[in-house]
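This report goes through the salt bridges, strand pairing, nonpolar cores and surface of one model. The sequence and structure come before the notes.

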Amino acid sequence: MAWNQPGNDGQDRDPWGSGNKGGNSGGNKGSRKPGSYDLDDLFRKIGSKLGGGGKKGGGEGDTKQPSQFSGRLGMLAVAAIVVVWAGSGFYTIKESDRGVVLRFGEYNGIVGPGLNWKPTFIDNVVPVNVETVREQATNGMMLTSDENVIRVEMNVQYRVTDPAQYLFSVTNPDNSLRQALDSAVRGVIGQSAMEQVLTTNRAFIRDVTQKELEATIAPYKMGITLLDVNFQAARPPEDVKAAFDDVISAREEEQKTIRQAHAYRNEVLPLAKGNAQKMIEEAEAYKASVVFKAEGEVASFAKMLPEYRAAPEITRERLYIETMERVLANTRKVIANDKSNSMLVLPLDQIMRGTNGNTATAPKTNQSARMTNPTESTSSTGTAPAQPDNAVRGDAVRVGRQ
């Protein structure tokens with residue numbers, strides 16, 4: 001049955017038990033429309049229920065005001081708590097970080113940089129830096145394949161690429177990476193000779209170490225990416241360091257000498273090849289000129305042979321004259337006199353030099369000779385057969401007529 005039916009003689013049947021008692025409780029009933037209710041009465045009744053409103057009697061009017069105040073205070077407290085709870089959920093993620101969201105301790109997702117909100121006491125956000133380049137290093141005494149001991153220092157640079165794996169795959173990813181680096185370095189150094197580690201194969205050892213490290217950490221899914229592995233130092237123990245320094249200095253000097261030798265070879269070898277090629281070409285040219293000249297002379301003599309057979313004396317005289325013309329045209333030292341059977345040889349070049357230096361000197365007696373045989377000539381320096389095709393040089397000539 002409805003508690004406020006029409007025709008109930010204006011008596012409201014309040015389900016909270018207020019009824020129509022007392023003149024104070026019905027102070028506003030005259031202005032209330034049928035079928036409506038007052039929110040103040042509702043809150044007042046809720047406060048009376050919470051604050052011990054079950055008391056009845058003559059003091060009921062005195063307890064309504066404290067009950068109303070306590071009800072409103074409780075509502076304000078609840079609203080304040082809600083506001084504080086909602087405001088505490090706002091947080092900011094840096095540009096270089098990513099936030100890993102944990103809902104009741106379980107991974108729920110990743111949030112990006114900027115202003116975000118989470119329900120407090122329900123979600124927890126752990127920021128992880130994904131932009132900073134991190135570094136792990138290892139060093140220590142290590143044994144090589146040739147049973148030598150050296151001190152090696154190496155470090156690795158890496159960056160976090162998966163924040164969730166970085167937080168939850170292993171307990172301490174940084175420490176795990178350091179241990180994996182130490183294991184990889186010792187394995188590679190143990191397979192290399194000491195001389196290779198100290199001198200020649202440093203780059204190769206660094207590359208092999210990086211590959212070994214990547215293969216070691218791949219199954220663990222640490223959420224990190226290796227950027228570079230640096231081979232910082234490799235040196236022998238202090239007791240033998242001086243001897244190894246001498247070896248390294250000698251090797252560097254050897255390399256320097258080899259480079260200088262290569263430079264000298266690159267400078268001299270092309271020049272020598274050029275000179276050799278030049279000599280070959282000159283020899284080929286001389287060969288060709290001699291052959292062509294000989295062939296030409298043979299052809300010339302072949303043409304003169306019929307004339308010589310027709311008139312031997314005339315041909316012989318002409319050949320003699322042409323030969324003497326070629327010989328005497330290239331010397332300044334011979335003065336011949338055809339009227340007498342003699343030839344005077346003078347050092348004209350010395351006379352000319354003496355004239356130019358204003359120191360004229362008379363020719364010596366041993367530099368002149370008399371010719372008694374028209375076919376031979378003598379000089380102070382000896383005799384020499386006449387070459388009809390060559391120029392006569394020196395202080396001695398031999399000229400004759402057949």
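## Salt bridge between two strands

Arg235 is partly exposed, with a relative accessible area of 29%. The model is a predicted one. Arg235 makes a salt bridge with Glu153, and their closest N and O atoms are 3.3 Å apart. This pair links distant parts of the chain: Arg235 belongs to strand 8 (residues 224–235) and Glu153 to strand 7 (residues 149–160), 82 residues apart. Glu153 is partly exposed too, at a relative accessible area of 23%. Because the partly exposed class runs from 20% to 50% relative accessible area, Arg235 at 29% falls in it, and so does Glu153 at 23%.

## Other salt bridges

In total, the structure holds 9 salt bridges. One of them lies within helix 8 (residues 312–328), where Arg316 and Glu313 are 3 residues apart, about one turn of the helix. The closest N and O atoms of Arg316 and Glu313 are 3.1 Å apart. Arg316 is partly exposed at 33% relative accessibility, whereas Glu313 is exposed at 58%. The cut-off for exposed is over 50%, which is why Glu313, at 58%, counts as exposed.

Shared partners also occur: salt bridges join Arg206, Asp207 and Asp228 into one network. Within this network, the side chains of Arg206 and Asp207 meet at 3.1 Å, N to O. Asp207 is partly exposed, with 34% relative accessibility, and Arg206 is partly exposed, with 24%.

## Strand pairing

Strand 7 pairs with two strands. Strand 6 (residues 134–143) runs antiparallel to strand 7 and is joined to it by 10 bridges. Met142 stands opposite Ile150 of strand 7. The hairpin of strand 6 and strand 7 has 5 residues between the strands, and Glu147 there takes a positive phi near 60 degrees.

Strand 8 is the other partner, and it pairs with strand 7 in the antiparallel sense over 10 bridges. Here Arg159 stands opposite Thr225 of strand 8. The salt bridge of Arg235 and Glu153 also runs between strand 8 and strand 7.

## Nonpolar cores

Which residues of the largest nonpolar core touch the most other members? In this core of 32 residues they are Val152, Leu177, Ile189, Leu213, Ile217 and Ile224. At least two core residues come from each of strand 2 (97–103), strand 7, helix 4 (173–190), helix 5 (194–200), helix 6 (202–217) and strand 8. Helix 4 gives the most, with 7 residues.

Leu177 shows what surrounds one of these residues. Leaving aside neighbours within four places in sequence, Leu177 is in contact with Gln136, Val156, Tyr158, Leu213, Ile217, Met222, Ile224 and Leu226. A second core, separate and made of 5 residues, includes Ile93, Val101, Val111 and Val125.

## Nonpolar surface

Nonpolar side chains are also found on the surface. Trp85, Phe90, Phe104, Leu115, Trp117, Phe121 and Ile122 make a nonpolar surface patch of about 850 Å².

Is Phe121, a member of this patch, buried or exposed? Phe121 is exposed, since its relative accessible area is 74% and the cut-off for exposed is over 50%. Phe121 sits in the loop between strand 4 (114–117) and strand 5 (123–129).

Methods. Residues are numbered from 1 along each chain as its sequence is written. This is a predicted model: local features need pLDDT of at least 70, side-chain atom pairs count only at pLDDT 80 or more; totals for chains, interfaces and linings use all residues. Side-chain values use heavy atoms; hydrogens and water are left out. Patches are made of residues with over 30% relative accessible area and no salt bridge: like charges are joined within 9 Å, nonpolar side chains (Val, Leu, Ile, Met, Phe, Trp, Tyr) within 5 Å. Accessible areas come from the Shrake-Rupley method with a 1.4 Å probe; for residues, only the protein chains shown count as cover. A salt bridge is a side-chain nitrogen of Lys or Arg within 4 Å of a carboxyl oxygen of Asp or Glu. Helices (H or I, at least four residues) and strands (E, at least two) are DSSP runs, numbered from the N terminus. Buried means under 20% relative accessible area, exposed over 50%, partly exposed in between (1.4 Å probe, protein chains only). Two strands pair if DSSP finds at least two bridges between them. A nonpolar core is a set of buried Ala, Val, Leu, Ile, Met, Phe, Trp, Tyr and Cys residues joined through side-chain atoms within 4.5 Å. Contact means heavy atoms within 4.5 Å.
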